[in-house]
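Hi everyone, thanks for making time. I'd like to walk you through one structure today, and please have it open as I talk.

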Amino acid sequence: VIKRKTAETDVIVEINLDGEGAGTIDTSMPFLDHMLVLMARHSLIDLSVTGRGDTPVDDHHLIEDIGLCLGEALKKALGDKAGIGRYGTAFIPMDESLGHVSLDLSGRPGLVYNVEFEHEKIKEFELLQLREFFKALADQGGITLHINAIYGRNPHHIAEALFKSFARALGSAVSIDSRIKGVLSTKGSL
């Protein structure tokens, strides 16, 4: 369990890498809730997220802190990373949109984010905040993360393709491979 309480936010994240894809999500932001439920389901990782923040000011603080907590929870759950596949890549179509994510649970944080939306918002949710979410997650989780919207028109479909791609890539990367002794690195550590 990861808890983060500041003057701006109050976030609790629980994660079970050996889950079945259950998502219990309540962030006070319906669109983000929807994306996180998708992420849990398609990664087969159980995820519980509750979050409240100074959203009357801006959603940014809460979205970033949820990303930070999720990254920290992943890092903690992975422990020494012994036996995990480490890498994950997924291309996921969502109707007319195609998303692509490649990631490395290397311990070296980095985000490459090639995503453009024709619209600024879905209802009240500012789509530029998705980059901030993934940056916080990658930074805190020590993940090298490449996110690409290959094409698409509908902003909901684009976002959904990206979250599902991230989920599938993450699910693959955290999976145990019995052939891997220790960590999958010639350096001997991640």
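I'll start with the core, go on to some buried polar side chains, and finish with salt bridges, backbone angles and the surface.

One thing before we begin: this is a predicted model.

So, the core. The largest nonpolar core has 54 residues, and Leu103 and Leu145 are the members that touch the most others. Which helix gives the most to this core? That is helix H4, residues 155–174, with 10 residues. If you click on Leu145 and ignore its neighbours within four places in sequence, you'll find contacts with Val101, Ser102 and Leu103. The list goes on with Gly110, Leu111 and Val112, and then Phe134, Ala138 and Phe166. So Leu103 turns up twice in this story: it is named alongside Leu145 for its core contacts, and it is also one of the residues that Leu145 touches.

Next, have a look at Phe125, which sits in strand E9, residues 125–126. Is Phe125 buried or exposed? Phe125 has a relative accessible area of 5%, and the cut-off for buried is under 20%, so Phe125 counts as buried. Beyond four places in sequence, Phe125 touches Phe31, Leu32, Ile63, Glu120 and Leu130. Leu32 is a nice one to display, as it lies 93 residues from Phe125 along the chain, while the two C-alpha atoms are separated by 8.1 Å.

Now for the polar side chains, beginning with Asn148 in strand E10. Asn148 is buried, at 16% relative accessible area. What does the side chain of Asn148 make a polar contact with? Its partner is the side chain of Asn114, at 2.9 Å. Setting aside neighbours up to four places away, Asn148 is in contact with Leu98, Gly99, His100, Asn114 and Leu162.

That brings us to His100, in strand E6, residues 97–104. His100 is also buried, with a relative accessible area of 12%. Its side chain is joined to that of Ser102 by a polar contact of 3.1 Å. Among the residues His100 touches are Thr89, Ala90 and Phe91, and also His146, Ile147, Asn148 and Ile150. Leu162 and Ser165 are on that list too, and Leu162 was among the contacts of Asn148 as well.

On to charges. How many salt bridges does a search of the whole structure find? The count is 8, and I'll show you three of them.

Let's begin with Arg52 and Asp26, whose side chains meet at 2.9 Å, N to O. This pair links distant parts of the chain, with Arg52 in strand E4 and Asp26 in strand E3, 26 residues apart. Arg52 is partly exposed at 41%, and Asp26 is partly exposed at 34%.

Then there is Asp139 with Lys135, at 2.7 Å, N to O. Both lie in helix H3, residues 129–141, and they are 4 residues apart, about one turn of the helix. Asp139 has 36% relative accessibility and counts as partly exposed, as does Lys135 at 33%.

And then Glu160 with Lys164, where the closest N and O atoms are 2.9 Å apart. These two are in helix H4, again 4 residues apart and about one turn of the helix. Are Glu160 and Lys164 buried or exposed? Both of them are buried, in the helix that gives the most residues to the core.

For those of you who like Ramachandran plots, here are a couple of backbone angles. Ser28 has a phi near 75 degrees, a positive value in a residue other than glycine. Ser28 is in the loop between strand E3 and helix H1, and is partly exposed at 36%. Leu44 has a positive phi as well, near 60 degrees. You'll find Leu44 in the loop between H1 and strand E4, where Leu44 is partly exposed at 47% relative accessibility.

Last stop, the surface. Phe91, Ile150 and Tyr151 make a nonpolar patch of about 330 Å². Tyr151 belongs to strand E10, residues 144–151. As for Phe91 and Ile150, we met both a moment ago as contacts of the buried His100.

That's my tour, and I'm happy to take questions.

Conventions:
Residues are numbered from 1 along each chain as its sequence is written. This is a predicted model: local features need pLDDT of at least 70, side-chain atom pairs count only at pLDDT 80 or more; totals for chains, interfaces and linings use all residues. Side-chain values use heavy atoms; hydrogens and water are left out. Buried means under 20% relative accessible area, exposed over 50%, partly exposed in between (1.4 Å probe, protein chains only). Contact means heavy atoms within 4.5 Å. Patches are made of residues with over 30% relative accessible area and no salt bridge: like charges are joined within 9 Å, nonpolar side chains (Val, Leu, Ile, Met, Phe, Trp, Tyr) within 5 Å. Accessible areas come from the Shrake-Rupley method with a 1.4 Å probe; for residues, only the protein chains shown count as cover. A salt bridge is a side-chain nitrogen of Lys or Arg within 4 Å of a carboxyl oxygen of Asp or Glu. A nonpolar core is a set of buried Ala, Val, Leu, Ile, Met, Phe, Trp, Tyr and Cys residues joined through side-chain atoms within 4.5 Å. A polar contact is a pair of N or O atoms within 3.5 Å; within protein, one must be able to donate a hydrogen and the other to accept it, and residues adjacent in sequence count only if both atoms are side-chain atoms.
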